[in-house]
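Reader: Could you walk me through this one, with your cut-offs stated as we go?

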Amino acid sequence: MAIDKHETPMIDQLVDGPWPSFIKGIQRLRDEHPSERINGMANDLLGQLETSYETRKGYWKGGTISVFGYGGGIIPRFTELKNDDGSSRFPEAQEFHTMRIQPPGGFHYTTDMLRQIMDLDEKYGSGMICLHGQTGNLMLVGMDSDAIQPFFDDMNAIGWDLGGAGPCVRTGMSCVGAARCEHSNADEMKINRVLLNNFQDDMHRPALPYKFKFKVSGCANDCTNSIQRADMAIIGTWRDDMKVNQDEVKAYVEQKGRKYVVDNVISRCPTNSLSLNDDDTLEVNNKDCVRCMHCINVMTKALSAGDDKGVTILIGGKRTLKIGDLFGTVLIPFMKLDTDEDYEKLVELAEECIDFFAENALEHERTGEMIERIGLANFLEGIGVDIDPNMINHPRTSSYVRMDGWDEEAAKWEESKAG
């Protein structure tokens, strides 16, 4: 049945140009999908969106929507665009809620999994899906309130669970890591699973001042953007010497030329830890190397991570909220994750951080903002972690440093590391 399409001259312009357009996708749902219900939802969604472009205002409001036994996982959206008699101006998109689904570790799907999800989304929702949100959720966009519970029941029956939404522990994210990537320094998907399995109740029943995110990356390339996005970032690294295959170094120099190697590898090392010898071998000052991955990314055959692998844990990363963007601050410079006991220590540390955050953060305040407000030293004392020189935020602006007591403090430091 043909529908009465809304005129959308402004958003139609977004279809032009060389780049893919979300408008084109919604138009296909309106014009080509076999479901008349989805045709109508897409049409009214475009109508509301056109109104927002005309007035430069948003017309979605929140509310409370959940499934039995859960306190979060659904992002409610109700339209505020009404006719004079109080009826919705765009009735078929007057409720356009988003359901967040926890993805598999490393985003490993089978085509059968994706078909099952899409079949359910077309049965109950709008047919629109987002792979993935910034936290990592699989986002099913566009369903009304009556569809939420049966949608969840059917999703849960085939093995899927709701992700986090609201002031809670959010869905975690891990890179593909050890499953496919030669740069992996940890078992990223196991780390993600162990943490999230432990915090399921905190994810489904929001009770925090604001959200708390975990992200796991296998190396400093940080493909999950954990440093910028995660309240607790776990990043794979190594602490012994980087491995160098000098034959491959020479082959690379012969292929690319000395100038290219100097310009694109040697001079781009952030700590000047690399030098190219006269015989085209590479010399590495491992003491100064910060494991940034640049040289390894460029010379993948010649260079690789060391054998003594583990993770660095950072705290307090976030995007703009109250005080602007924050990168994560080093909390644990190096931690081995080889045994069950190692993973238990990781979970205990995460519990300490979340408990302290729950008790001391202000409403709608992220972990990084709380640390900025109370001070890193107070946070470390609260979670029982000793101060480490690797936690430095920026170098001293004054070159004058008191040296009395230096030897005693250095001895304490060496003793703590030996233990």
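Author: Gladly! A residue is called buried under 20% relative accessible area, exposed over 50% and partly exposed in between, using a 1.4 Å probe and protein chains only. This is a predicted model, where local features need pLDDT of at least 70 and side-chain atom pairs count only at pLDDT 80 or more, while totals for chains, interfaces and linings use all residues. Residues are numbered from 1 along each chain as its sequence is written, and side-chain values use heavy atoms, leaving out hydrogens and water.

Reader: Is Trp160 buried or exposed?
Author: Let's place Trp160 before judging it: this residue is in the loop between α5 (145–157) and β7 (173–174). Helices (H or I, at least four residues) and strands (E, at least two) are DSSP runs, numbered from the N terminus. The relative accessibility of Trp160 is 9%, so this residue counts as buried.

Reader: Which residues does Trp160 touch, beyond those up to four places away in sequence?
Author: A contact here means heavy atoms within 4.5 Å. Leaving out residues up to four places away in sequence, the list for Trp160 is Ile101, Gln102, Pro103, Pro104, Tyr109, Met113, Ile117 and Met155.

Reader: And how far apart in space are Trp160 and Trp406?
Author: In sequence, Trp160 and Trp406 are 246 residues apart. In space, C-alpha to C-alpha, the separation of Trp160 and Trp406 is 56 Å.

Reader: Ile101 belongs to strand β4 (residues 97–101); how many of the residues of β4 are buried?
Author: In a regular strand, side chains alternate between the two faces of the sheet. In β4, His97, Met99 and Ile101 are on one side, with Thr98 and Arg100 on the other, and both faces are covered. The strand is mostly covered, and the count of its buried residues is five of five.

Reader: Which strands are at the edges of the sheet that holds β4?
Author: Two strands pair if DSSP finds at least two bridges between them. The order in this open, antiparallel sheet of four strands is β2-β4-β6-β5. Two bridges join β2 to β4, and five join β4 to β6. The strands that pair on one side only, at the edges, are β2 (74–75) and β5 (128–131).

Reader: Which residue of β6 is the bridge partner of Met128?
Author: β5 and β6 (residues 138–143) run antiparallel and share four bridges. Another register point in β6 is Met139, opposite Arg100. For Met128, the partner in β6 is Val141.

Reader: What is the strand order in the five-stranded open sheet?
Author: Start from β8 (residues 214–217), which has Phe214 and Val216 on one side and Lys215 and Ser217 on the other, all buried. β8 runs parallel to β7 over two bridges and parallel to β9 (residues 232–238) over four. β14 and β15, in contrast, pair antiparallel over four bridges. The pairing of the whole sheet is mixed, and its order is β7-β8-β9-β14-β15.

Reader: Which residue of β9 stands opposite Ser217?
Author: On the β7 side, Ser174 is opposite Val216 of β8. On the β9 side, Ser217 faces Ile235.

Reader: How are α6 and α12 oriented to each other?
Author: Packed helices are described by the angle and the distance between their axes. Axes are lines fitted to C-alpha atoms, for helices over the stretch in contact, with angles from 0 to 180 degrees between N-to-C directions. α6 (residues 188–198) and α12 (residues 340–360) have axes that come within 10 Å and cross at roughly 50 degrees. Under 35 degrees is roughly parallel, over 145 roughly antiparallel, 65 to 115 roughly perpendicular and the rest oblique, so α6 and α12 are oblique.

Reader: How many nonpolar residues are in the contact of α2 with α3?
Author: α2 (residues 22–32) and α3 (residues 36–55) pack at about 145 degrees, their axes 7 Å apart. Among the residues in contact are Phe22 and Ile26 of α2 and Leu45 and Leu49 of α3. Ala, Val, Leu, Ile, Met, Phe, Trp, Tyr, Cys and Pro count as nonpolar, Asp, Glu, Lys and Arg as charged, and the others, Gly among them, as polar. By class, the contact of α2 with α3 has one charged, three polar and, for the class you asked about, nonpolar, ten.

Reader: Last one: what do the buried residues of α13 pack against?
Author: The buried residues of α13 (residues 367–374) are Thr367, Gly368, Glu369, Met370 and Ile371. Just after α13, Gly375 takes a positive phi of about 100 degrees. The packing partners of the buried residues of α13 are β14 (309–315), α12 and α14 (376–383).
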